[in-house]
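I opened this structure to see how its parts fit together. My entries follow in the order in which I looked things up.

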Amino acid sequence: MSFFRPEAVDAVRRYAEPVLYTVIAVAGLWRGTQLIREGAWVGAVLFTIGAFAAIALVTAIERAIVAWRGRRRGPGIVSIREGQISYFGPEGGAILAMDALVRVEIITTETGPFAPDLFWHLTDEIGQTAVIPGGAEDITTLLDRLGSLPGFDHIAVISAMGSTEQARFKIWSRPKAGQLGG
């Protein structure tokens with residue numbers, strides 16, 4: 001569960017790059033102006049070149065990170081609207097009602113870290129299932145929503161995320177009538 005609103009996180013992701021470039025440019029302009037006032041023209045030119053190099057380096061690092069993250073992205077997209085969990089992927093999808101969920105598991109495989117190796121397995125009360133890759137777009141909204149279920153096992157999620165072998169982790173199950181725990 002995130003302590004930050006998804007809209008705020010999206011805004012930071014959207015504007016972080018231009019803000020970083022602006023900070024570097026303003027710092028470079030300020031320092032360059034100081035150097036010119038001091039009569040250090042060579043220093044001002046070298047500092048300007050350094051500021052442009054810093055911007056280029058930040059750009060290169062950012063592009064590398066985006067490419068690396070994109071490599072690990074699983075297929076499909078998760079959406080949670082009006083109490084329904086929807087998953088749409090290239091090979092089908094599923095829509096399950098939050099209120100109808102009876103079991104949440106995570107299945108891991110030994111194929112990671114360069115292939116999808118973690119899958120959320122959701123089951124509802126009539127036996128319908130949804131298998132959602134751990135790298136699907138907006139998967140964090142699923143974790144945020146499921147994390148609010150009473151008895152949700154956050155430690156099991158952490159264990160599953162660190163697993164490098166084929167395993168099945170029980171994350172949550174609906175308590176039976178008269179039962180207090182999950």
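Entry 1, overall. I began with burial: 27% of the protein's 182 residues count as buried. The model is a predicted one, and I read it as such. I then looked up the secondary structure and found four helices and seven strands. Read from the N terminus, the elements follow the order α-α-β-β-β-β-β-β-α-α-β. I also checked contacts with a separation of 6 or more, and 48% of them are between residues 24 or more positions apart.

Entry 2, the sheet of three strands. I looked up the strand order and noted E1-E2-E3, an open sheet with antiparallel pairing. Strand E1 (77-81) and E3 are the edges; each has a single partner strand, so one side of each lacks a neighbour in the sheet. On average, neighbouring strands here are turned by 10° against each other, direction ignored. I counted the link between E2 and E3 as six bridges, with the two strands running antiparallel. One pair I wrote down is glycine 89 with its bridge partner in E3, glycine 92. Helix H3 (residues 139-146) lies across E1 and E2, and I noted an angle of about 40° to E1.

Entry 3, the sheet of four strands. This open sheet has the order E6-E5-E4-E7, again with antiparallel pairing. I marked E6 and strand E7 (167-173) as its edge strands, since each pairs on one side only. The average turn between neighbouring strands of this sheet is 20°, direction ignored. H3 packs on this sheet too, touching E4, E5 and E6, and its direction makes about 50° with that of E5. Helix H4 (residues 154-161) also packs on the sheet; I found it touching E4, E5 and E7, with its direction at about 160° to that of E7.

Entry 4, the pairings within that sheet. I went through the pairs in turn. Strand E4 (residues 101-108) pairs with E5 over seven bridges in the antiparallel sense. E4 and E7 are paired in the antiparallel sense over six bridges. Isoleucine 106 turned up twice in my list: its bridge partner in E5 is tryptophan 120, and its bridge partner in E7 is phenylalanine 169. E5 is joined to E6 by five bridges, and the two run antiparallel. Among the residues of this pairing, threonine 123 has threonine 129 in E6 as its bridge partner. I then followed the chain from E5 to E6 and found a hairpin with four residues between the strands. Glycine 127, in the turn, has a positive phi of about 95°.

Entry 5, strand E5 and histidine 121. How many of the residues of E5 are buried? I found six of its seven, so I wrote E5 down as mostly covered, buried being under 20% relative accessible area. Histidine 121 sits in this strand, which spans residues 118-124. Is histidine 121 buried or exposed? Its relative accessibility is 15%, so histidine 121 counts as buried. Leaving out residues up to four places away in sequence, I listed what histidine 121 touches: Arg103, Val104, Glu105, Ile107, Thr129, Ala130, Val131 and Arg168.

Entry 6, leucine 143. I placed leucine 143 in helix H3. Leucine 143 counts as partly exposed because its relative accessibility is 24%. With residues up to four places away in sequence left out, leucine 143 touches Trp120, Phe152 and Val157. I looked up the separation from tryptophan 120 as well: 23 residues in sequence and 9.7 Å in space, C-alpha to C-alpha.

Entry 7, the second largest pocket. I looked up the volume and noted about 200 Å³ of space. Which elements give two or more residues to its lining? They are strand E2 (84-89), strand E3 (92-97) and strand E6 (129-133). I wrote out the lining residues as Pro75, Tyr87, Gly89, Pro90, Glu91, Gly92, Gly93, Ala94, Phe119, Ala130, Val131 and Pro133. Sorted by class, the lining has eight nonpolar residues, three polar and one charged. Two of my earlier names return in this lining, glycine 89 and glycine 92, which I had noted as bridge partners.

Conventions
Residues are numbered from 1 along each chain as its sequence is written. This is a predicted model: local features need pLDDT of at least 70, side-chain atom pairs count only at pLDDT 80 or more; totals for chains, interfaces and linings use all residues. Side-chain values use heavy atoms; hydrogens and water are left out. On a 1 Å grid over the protein atoms alone, a cavity is a set of points where a 1.4 Å probe fits but cannot get out, and a pocket is an open set with protein on both sides within 12 Å along at least five of seven lines; lining residues have an atom within 4 Å of a point. Grid points are joined across faces, edges and corners, and a volume is the space filled by probe spheres set on the points. Ala, Val, Leu, Ile, Met, Phe, Trp, Tyr, Cys and Pro count as nonpolar, Asp, Glu, Lys and Arg as charged, and the others, Gly among them, as polar. Buried means under 20% relative accessible area, exposed over 50%, partly exposed in between (1.4 Å probe, protein chains only). Contact means heavy atoms within 4.5 Å. Two strands pair if DSSP finds at least two bridges between them. Axes are lines fitted to C-alpha atoms, for helices over the stretch in contact, and angles run from 0 to 180 degrees between N-to-C directions.
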